[in-house]
There are 2 protein chains.
Amino acid sequence: MTRASVRDQIADRALLLFDQNGFDETTIDDIALAVGISSRSFFRYFPAKEDVVLNDPTPFGEIVRDTAAARPANEPVWAVLRRAFDPLHATTVVDVTRGLRIMRIMMSTASLRARNLEKHITWAAMLEPVIAARLSGSDESRRFRAQILIHSALACLDVALAEWTRRDGSTDVATLLDEAFEIPNS
Amino acid sequence: MTRASVRDQIADRALLLFDQNGFDETTIDDIALAVGISSRSFFRYFPAKEDVVLNDPTPFGEIVRDTAAARPANEPVWAVLRRAFDPLHATTVVDVTRGLRIMRIMMSTASLRARNLEKHITWAAMLEPVIAARLSGSDESRRFRAQILIHSALACLDVALAEWTRRDGSTDVATLLDEAFEIPNS
DNA sequence: CCTAAACTGTCACCCCATGACACAAATATC
DNA sequence: GATATTTGTGTCATGGGGTGACAGTTTAGG
């Protein structure tokens, strides 16, 4: 009964309840009861109810940033951003059912969708220096353009993931992302 | 003492408190006390605390959609999207101080920034049919590409507004938006 | 002036979240 | 193996956001 395993157990139970009864309709007490713990203990594993569905953006943000930073210096910025999301495919492939469930819950709950968009803000802030470094011009101009490009890329990611969910995972996320990234440059 | 005027009064007081004490640090009771109403009455004017800062996206979304729909049929889609945001400048010019205050509060509160991004989802859904109608290809493809273009445009809008705030309103929103919209096509 | 609608405060309640505390279990140390 | 320490847990109390119900008051309209 390691800590991580208990956490996973809570998450599994909770996601199931969220999926079938709705996120807002499922209370912490419901989850705690289903797992057999006190509602107080729930918060000892998750800082908030939403964190069962949305994981901390920072760790993955670091991976994305480092991936972008590791791309060749002469690679076009837009391609760098596309490649930065490569590590993401892996996670969507590991457990498709779970991934789709999470997406389903997320897209049917306003507050969760909003929290998910917060990830963009975090990632954009982390990516900014890496992307700005690959642009030319004044510091101001580079910062501004980096923000635009990053947020556009994140928009592509979001739409691609939404489409992936809409198709029930039948099309690869990588394929959808490739398609999405071609569109702004047309 | 019309309903709208009371609402404005509450909003003004609340925004002032949010700005100087922080959004999370300011409680509903604080606002109610400052205005001289009961905390229950606050919710009779605003469905939630956040709604003091973020207004309902739908009314303005309709304006944006209709503006886009009214553009000439042969205009490039990206230009249509740029023009769709024209009605927004007006609002940022009417009361710059208030606009900047709202932006300041919003950008210093994670939950508010996230909720603000949710506006994108609403607007994107409203704009989708208008934009998709201007694209060619299969229904699926048009929908997908419309989403990407719309979300990219909204990303430009967001970054432009953030920059406007950062510069304390010294640069026109229209100018920043023009700059922003040039970047993805480069 | 009187009635009906709109508005208000108070009270009760639910849910999420956090801090404090006592207690049991697991682990470490001798 | 006995003891001490760390870790996890349940319970309780508190605070903030949000909602429904109800009674009293103000306002508008005839």
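The legends below describe close-up views of a predicted model with protein chains and DNA strands.

Residues are numbered from 1 along each chain as its sequence is written, with chains lettered from A and ligands numbered from 1 in the order in which they are written. Because the model is predicted, local features need pLDDT of at least 70 and side-chain atom pairs count only at pLDDT 80 or more, whereas totals for chains, interfaces and linings use all residues; side-chain values use heavy atoms, without hydrogens and water.

**View 1. Protein surface near DNA strand C.** Of the 16 residues around strand C, the nearest are A:Arg40, A:Lys49, B:Ser38, B:Ser41 and B:Arg44 (near: a heavy atom of the residue within 4 Å of the strand). The surface has 6 nonpolar, 4 polar and 6 charged residues (nonpolar: Ala, Val, Leu, Ile, Met, Phe, Trp, Tyr, Cys and Pro; charged: Asp, Glu, Lys and Arg; polar: the others, Gly among them). Sugar or phosphate holds 50% of the atoms of strand C within 4 Å of the protein, and bases hold the rest.

**View 2. Polar contacts to DNA strand C.** Polar contacts are pairs of N or O atoms within 3.5 Å. Phosphate oxygens of strand C lie 3.1 Å from a polar backbone atom of A:Ile28 and 2.9 Å from a polar side-chain atom of B:Ser38. The side chain of B:Arg44 places an N or O atom 2.5 Å from a base oxygen of strand C. Helix H3 (39–45) of chain A and helix H3 (39–45) of chain B are the elements giving two or more residues to this surface (helices: DSSP runs of H or I, at least four residues, numbered from the N terminus). H3(B) gives the most, with 4 residues.

**View 3. Contacts to DNA strand D.** Among the 15 residues around strand D, A:Ser38, A:Ser41, A:Arg44, B:Arg40 and B:Lys49 come nearest. Sugar and phosphate make up 45% of the strand D atoms that come within 4 Å of the protein. A polar side-chain atom of A:Ser38 is 2.6 Å from a phosphate oxygen of strand D, and a polar backbone atom of B:Lys49 is 2.9 Å from a phosphate oxygen. A base oxygen of strand D lies 2.8 Å from an N or O atom in the side chain of B:Arg40. H3(A) supplies the largest share of this surface, 4 residues.

**View 4. Lysines over phenylalanine rings.** The charged end of A:Lys49 sits over the ring of A:Phe23, 4.6 Å from its centre (over a ring: NZ of Lys or CZ of Arg within 6 Å of the ring centre and within 35 degrees of the ring normal). In chain B, B:Lys49 lies over the face of B:Phe23, 4.6 Å from the ring centre.

Notes: A polar contact is a pair of N or O atoms within 3.5 Å; within protein, one must be able to donate a hydrogen and the other to accept it, and residues adjacent in sequence count only if both atoms are side-chain atoms.
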